[in-house]
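Hi,

Here is the structure I promised to pass on. Have a look at it first, and then read my notes below.

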Amino acid sequence: MPLDGLEQLRALLSGARPPPPFAEATGIRLTEVAHGQAVFIGEPSRRYYNPQGTVHGGWIAGLLDSTMGCAVHSALRPGQSYTTIDMTTGYVRAVVEDTGTLRCEGRLVHMGRRVARAEGKVFDAEGRLVAHGSETCLILEAAPA
(Lines give C-alpha, C1' and ligand atoms only; values in the text may rest on other atoms or scores of the structure.)
Protein backbone atom coordinates (compact mmCIF):
# COMPACT_ATOMS: atom_id res chain seq x y z
CA MET A 1 0.00 0.00 0.00
CA PRO A 2 1.53 3.36 -1.02
CA LEU A 3 2.39 5.84 1.72
CA ASP A 4 1.09 9.39 1.82
CA GLY A 5 3.58 12.25 1.78
CA LEU A 6 3.75 12.70 5.54
CA GLU A 7 4.38 8.98 6.06
CA GLN A 8 7.18 9.09 3.46
CA LEU A 9 8.86 12.02 5.23
CA ARG A 10 8.50 10.40 8.64
CA ALA A 11 10.21 7.29 7.22
CA LEU A 12 13.07 9.53 6.07
CA LEU A 13 13.31 11.13 9.53
CA SER A 14 13.34 7.78 11.32
CA GLY A 15 16.04 6.37 9.05
CA ALA A 16 13.71 3.75 7.54
CA ARG A 17 14.42 5.43 4.19
CA PRO A 18 17.87 6.74 3.26
CA PRO A 19 18.41 10.47 2.69
CA PRO A 20 18.55 11.56 -0.94
CA PRO A 21 22.02 12.14 -2.45
CA PHE A 22 21.29 15.90 -2.55
CA ALA A 23 21.18 15.96 1.25
CA GLU A 24 24.59 14.35 1.53
CA ALA A 25 26.13 16.68 -1.06
CA THR A 26 24.74 19.87 0.51
CA GLY A 27 24.77 19.15 4.26
CA ILE A 28 21.03 19.91 4.38
CA ARG A 29 18.77 17.62 6.39
CA LEU A 30 15.18 17.27 7.51
CA THR A 31 14.76 17.54 11.30
CA GLU A 32 11.01 18.00 11.86
CA VAL A 33 7.86 17.33 9.88
CA ALA A 34 4.11 17.62 10.45
CA HIS A 35 1.19 18.02 8.07
CA GLY A 36 1.89 21.22 6.12
CA GLN A 37 5.16 21.95 7.93
CA ALA A 38 8.81 21.02 7.57
CA VAL A 39 12.04 22.09 9.24
CA PHE A 40 15.50 21.57 7.78
CA ILE A 41 18.92 22.52 9.06
CA GLY A 42 21.99 23.26 7.01
CA GLU A 43 25.65 23.57 7.87
CA PRO A 44 27.30 26.42 5.96
CA SER A 45 30.78 25.56 4.78
CA ARG A 46 33.63 27.15 2.83
CA ARG A 47 32.96 24.59 0.11
CA TYR A 48 29.76 26.54 -0.71
CA TYR A 49 31.53 29.93 -0.95
CA ASN A 50 31.14 32.19 -3.95
CA PRO A 51 33.94 34.50 -5.21
CA GLN A 52 32.91 37.16 -2.65
CA GLY A 53 33.82 34.82 0.23
CA THR A 54 30.27 34.14 1.43
CA VAL A 55 27.98 31.14 1.08
CA HIS A 56 26.49 31.05 -2.42
CA GLY A 57 22.87 32.14 -2.63
CA GLY A 58 22.08 28.96 -4.55
CA TRP A 59 22.94 26.86 -1.50
CA ILE A 60 20.58 28.96 0.64
CA ALA A 61 17.92 28.68 -2.09
CA GLY A 62 18.41 24.90 -2.03
CA LEU A 63 17.77 24.90 1.72
CA LEU A 64 14.58 26.92 1.17
CA ASP A 65 13.41 24.79 -1.76
CA SER A 66 13.93 21.58 0.21
CA THR A 67 11.99 22.93 3.17
CA MET A 68 9.11 24.48 1.23
CA GLY A 69 8.88 21.45 -1.05
CA CYS A 70 8.66 19.10 1.92
CA ALA A 71 5.93 21.27 3.47
CA VAL A 72 3.97 20.54 0.27
CA HIS A 73 5.13 16.91 0.22
CA SER A 74 3.72 16.40 3.74
CA ALA A 75 0.20 17.05 2.42
CA LEU A 76 0.32 14.67 -0.57
CA ARG A 77 -2.07 11.74 -0.85
CA PRO A 78 -0.72 8.27 -1.72
CA GLY A 79 0.30 8.16 -5.38
CA GLN A 80 0.84 11.92 -5.69
CA SER A 81 4.12 13.71 -6.25
CA TYR A 82 5.04 17.31 -7.02
CA THR A 83 7.52 19.49 -8.82
CA THR A 84 8.50 23.08 -8.11
CA ILE A 85 7.36 25.40 -10.91
CA ASP A 86 8.16 28.80 -9.40
CA MET A 87 10.33 30.01 -6.54
CA THR A 88 11.18 33.43 -5.14
CA THR A 89 14.00 34.01 -2.68
CA GLY A 90 14.88 37.16 -0.74
CA TYR A 91 18.24 37.43 1.03
CA VAL A 92 18.52 39.50 4.20
CA ARG A 93 22.07 38.87 5.44
CA ALA A 94 25.25 37.19 4.27
CA VAL A 95 26.19 33.71 5.48
CA VAL A 96 29.72 32.48 6.13
CA GLU A 97 31.07 29.28 7.64
CA ASP A 98 31.17 30.90 11.11
CA THR A 99 27.48 31.82 10.91
CA GLY A 100 26.75 28.36 12.30
CA THR A 101 23.85 26.04 11.70
CA LEU A 102 20.97 27.51 9.73
CA ARG A 103 17.38 26.52 10.51
CA CYS A 104 14.77 26.74 7.77
CA GLU A 105 11.07 26.57 8.61
CA GLY A 106 8.53 25.94 5.87
CA ARG A 107 4.77 25.90 5.87
CA LEU A 108 2.05 25.08 3.41
CA VAL A 109 0.01 28.13 2.44
CA HIS A 110 -2.41 26.49 -0.02
CA MET A 111 -3.02 22.94 -1.22
CA GLY A 112 -5.23 22.71 -4.26
CA ARG A 113 -6.00 19.85 -6.59
CA ARG A 114 -3.26 20.86 -9.07
CA VAL A 115 -1.25 23.64 -7.42
CA ALA A 116 0.23 24.13 -3.95
CA ARG A 117 1.95 27.16 -2.39
CA ALA A 118 4.46 27.21 0.45
CA GLU A 119 6.64 29.74 2.18
CA GLY A 120 9.84 29.46 4.17
CA LYS A 121 12.21 31.40 6.39
CA VAL A 122 15.89 30.76 7.14
CA PHE A 123 17.32 31.76 10.52
CA ASP A 124 20.90 31.83 11.76
CA ALA A 125 22.11 30.39 15.08
CA GLU A 126 21.18 33.69 16.80
CA GLY A 127 17.59 33.47 15.50
CA ARG A 128 18.06 36.30 12.98
CA LEU A 129 16.36 36.11 9.60
CA VAL A 130 18.83 35.24 6.83
CA ALA A 131 16.50 34.66 3.87
CA HIS A 132 12.86 34.01 3.06
CA GLY A 133 11.00 32.61 0.09
CA SER A 134 7.85 31.27 -1.45
CA GLU A 135 7.19 28.67 -4.09
CA THR A 136 4.50 27.18 -6.25
CA CYS A 137 4.40 23.43 -6.84
CA LEU A 138 2.51 21.47 -9.47
CA ILE A 139 0.76 18.41 -7.99
CA LEU A 140 1.23 15.31 -10.12
CA GLU A 141 -1.05 12.27 -10.01
CA ALA A 142 0.25 8.76 -10.54
CA ALA A 143 -0.63 7.28 -13.93
CA PRO A 144 -3.49 4.76 -13.71
CA ALA A 145 -2.33 1.14 -13.66
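Let me start at the beginning of the chain. Leaving aside residues up to four places away in sequence, Pro2 touches Pro78 and Gly79. Keep in mind that this is a predicted model. Pro2 sits in the segment before helix 1 (5-14), and with a relative accessible area of 55% it is exposed. Phe40 is 38 residues from Pro2 in sequence, and their C-alpha atoms are 25 Å apart in space.

Now for the sheet. Six strands make up an open sheet, in the order 1-2-4-5-6-3, with antiparallel pairing. Strand 1 (28-34) and strand 3 (80-91) are at the edges with a single partner strand each, so one side of each has no neighbour in the sheet. From one strand to the next, the twist averages 25 degrees. Helix 3 packs on this sheet and touches strand 1, strand 2, strand 3, strand 4, strand 5 and strand 6 (129-141). The direction of helix 3 makes about 140 degrees with that of strand 3.

Helix 3 deserves a few more words. Of its 17 residues, 14 are buried, so the helix is largely enclosed by the rest of the structure. Its length also checks out: at 1.5 Å a residue, the 17 residues of helix 3 should span 24 Å, and the end C-alpha atoms are indeed 24 Å apart.

Helix 3 also has a part in the aromatic pairing, where the count comes to one pair. The ring centres of Tyr48 and Trp59 are 5.1 Å apart and the planes are at 20 degrees; stacked means under 30 degrees, so this pair is stacked. Tyr48 is in the loop between strand 2 (37-42) and helix 3 (57-73), while Trp59 is in helix 3 itself, so the pair ties together parts that are 11 residues apart in sequence. Tyr48 counts as buried at 11% relative accessibility, and Trp59 counts as buried at 7%.

Back in the sheet, I spent some time on strand 5. Strand 4 (residues 102-111) and strand 5 (residues 115-123) run antiparallel and are joined by eight bridges, with a hairpin of three residues connecting them. Among the facing residues, His110 has Arg117 as its bridge partner, and Cys104 stands opposite Val122. On the other side of the pairing list, strand 5 and strand 6 pair in the antiparallel sense over nine bridges, and Ala116 has Cys137 in strand 6 as its bridge partner. Strand 5 and strand 6 also form a hairpin, with five residues between them, and Gly127 in that turn has a positive phi of about 85 degrees.

The side chains of strand 5 alternate. Ala116, Ala118, Gly120 and Val122 point to one face and are buried. Val115, Arg117, Glu119, Lys121 and Phe123 point to the other face and are not buried.

Finally, the cysteines: which of them are bonded to each other? A search of the whole structure turns up zero disulfides. For Cys70, the nearest cysteine sulfur is that of Cys137, 9.9 Å away. For Cys104, the closest cysteine sulfur is in Cys70, at 10 Å, which is too far for a bond because a disulfide needs sulfur atoms within 2.5 Å. Cys70 counts as buried at 11% relative accessibility, and Cys104 counts as buried at 0%.

Cheers

Definitions and conventions. Residues are numbered from 1 along each chain as its sequence is written. This is a predicted model: local features need pLDDT of at least 70, side-chain atom pairs count only at pLDDT 80 or more; totals for chains, interfaces and linings use all residues. Side-chain values use heavy atoms; hydrogens and water are left out. Rings of Phe, Tyr and Trp (its six-membered ring) pair if their centres lie within 6.5 Å; planes under 30 degrees apart count as stacked, over 60 as edge-to-face and the rest as tilted. Helices (H or I, at least four residues) and strands (E, at least two) are DSSP runs, numbered from the N terminus. Buried means under 20% relative accessible area, exposed over 50%, partly exposed in between (1.4 Å probe, protein chains only). Contact means heavy atoms within 4.5 Å. The expected span of a helix is 1.5 Å times one less than its number of residues. Two strands pair if DSSP finds at least two bridges between them. Axes are lines fitted to C-alpha atoms, for helices over the stretch in contact, and angles run from 0 to 180 degrees between N-to-C directions.
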